[in-house]
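Hi everyone, thanks for coming. Let me put the sequence and the model up on the screen, and then we can walk through the fold together.

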Amino acid sequence: MRVLNYLELADRLDRSGIGTSVDHQRQALADTDVEVLTTPWTDGHPGWAVGGNIAFDDPVFREYDIAHCNMIGPGSVAVARHATRNDVPLVLHAHVTREDFRGSFRGSNLVAPALGEYLQWFYSKADTVLCPSEYTKGVLEDYPVDAPIRPITNGVDTAPLDGFESFREEYREQYDLDGMVVFAVGSVFERKGLTTFCELAQQTDYDFAWFGTYDDGPHGSAEVRKWTSDPPENVTFTGWVDDIRGAYGAGDVFLFPSKVENQGIVVLEAMACGKAVVLSDIPVFREYYEDGHDCLICSDEAEFREAVERLEANPDLRERLGENAMETAREHGLDRVGERLVETYEELV
């Protein structure tokens, strides 16, 4: 079986959760009998493919048995239309929703309603829509998306995290971190709980660090520009880090007060590293994790503060949560991602 696993704008999304999820899909499929193509275009680029078609009557699209698209732009729309016209089963992966687009870039809240209408139209073209969680499935059904929807975990790749402990002293010294470090990983957005993260830091004496890129220019939201330009004294925004293992090595308590997530790969990474994890009380985290077993789930700022203080006062609790979190992360291994993808493809063929 030849499957197109296509990520439009891959070079711009390589540092994003979407890019990581697609990497996981391709790694998972590498251990199966599926032959994976990563571009639909005969000449590797849509412009060259169209040029070849005009000049030499060459085909624009390569041949494949399944088309699996991971983004929502014009290239993905072209693949979807080609698949429909040629009876090629189409899988659309819903990494983007109207709800998780809000609170990201400047103006995203204004664009979100129109985006929702577009996503309803686009995802409804699929033979099967994949999404990261039952929560996201419910969101799409409410649009409503007129296609079968199947949840599948984004998974977690533990190989790039191997040896994270050895980076602890280097990264703590580099960013002047001491004591129990409360940390987050990933792009800095208000949707991910930026204001809660910083206001909580102001109420405590712990060092807080957010390892990830942020946009403090015109595209950045007002909250991102406010907090990153003048952070509390005990908050460090690192920007891009050369090795993600340094983030998980330097930090002790992973704090992720996100307002909306479809799953949150960084949570699984922190769990795979055995970190104590503190999460916001949103449906997707309740779906995948258990409060008091593999994480602490908090509904407001006071509960976040209490959770962090409990973890500082009780190292045994940190250790127990971290050990259980590692077990949870194992349930999201890439072998399971591969099995689920192959099941989906075989049903469609």
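**Two helices, two sheets**

Let's start with a pair of helices: H13 (residues 301-313) and H14 (residues 315-330) pack at an angle of about 105°, with their axes 5 Å apart. The axes here are lines fitted to C-alpha atoms, for helices over the stretch in contact, and angles run from 0 to 180 degrees between N-to-C directions. H13 and H14 are therefore roughly perpendicular to each other, a label that covers 65 to 115 degrees, with under 35 counted as roughly parallel, over 145 as roughly antiparallel and the rest as oblique. On the H13 side the contact is made by Arg310, Leu311, Glu312 and Ala313, and on the H14 side by Pro315, Leu317, Arg318 and Leu321. Contact means heavy atoms within 4.5 Å. By class, that gives five nonpolar, no polar and three charged residues. In this scheme Ala, Val, Leu, Ile, Met, Phe, Trp, Tyr, Cys and Pro are nonpolar, Asp, Glu, Lys and Arg are charged, and the others, Gly among them, are polar.

A quick word on what you are looking at. This is a predicted model, where local features need pLDDT of at least 70 and side-chain atom pairs count only at pLDDT 80 or more, while totals for chains, interfaces and linings use all residues. Residues are numbered from 1 along each chain as its sequence is written, and side-chain values use heavy atoms, leaving out hydrogens and water. The helices (H or I, at least four residues) and strands (E, at least two) are DSSP runs, numbered from the N terminus.

How confident is the predictor? The protein chain averages a pLDDT of 92, and 94% of the residues score at least 70; pLDDT is the confidence in each residue, from 0 to 100. Please be careful with residues 48-58, where pLDDT stays under 50.

Now the sheets. One is an open sheet of six strands in the order S2-S1-S3-S4-S5-S6, with parallel pairing; two strands pair if DSSP finds at least two bridges between them. Which strands stand at the edges? They are S2 (35-37) and S6 (149-151), each with a single partner strand, so one side of each is left without a neighbour in the sheet. Neighbouring strands are turned by 25° against each other on average, direction ignored.

Inside this sheet, three bridges join S3 to S4, which run parallel, and Ala67 has Leu90 of S4 as its bridge partner. Both faces of S4 are covered: Leu90 and Leu92 on one side, Val91 and His93 on the other, are all buried, meaning under 20% relative accessible area, with over 50% exposed and partly exposed in between (1.4 Å probe, protein chains only). Helix H15 (residues 334-348) lies across S1, S3, S4, S5 and S6, running at about 160° to S6.

There is also an open sheet of six strands in the order S9-S8-S7-S10-S11-S12, with parallel pairing. Here S9 (235-239) and S12 (296-298) stand at the edges. S8 (residues 207-211) pairs with S9 over four bridges, and Phe208 stands opposite Val235 in S9.

Finally, helix H8 (residues 194-202) lies across S7, S8, S9 and S10. Its buried residues, including Leu194, Phe197 and Leu200, pack against S7, S8, H9, S9, S10 and H13. That brings us back to H13, where we began.

Notes:
pLDDT is the predictor's confidence in each residue, from 0 to 100.
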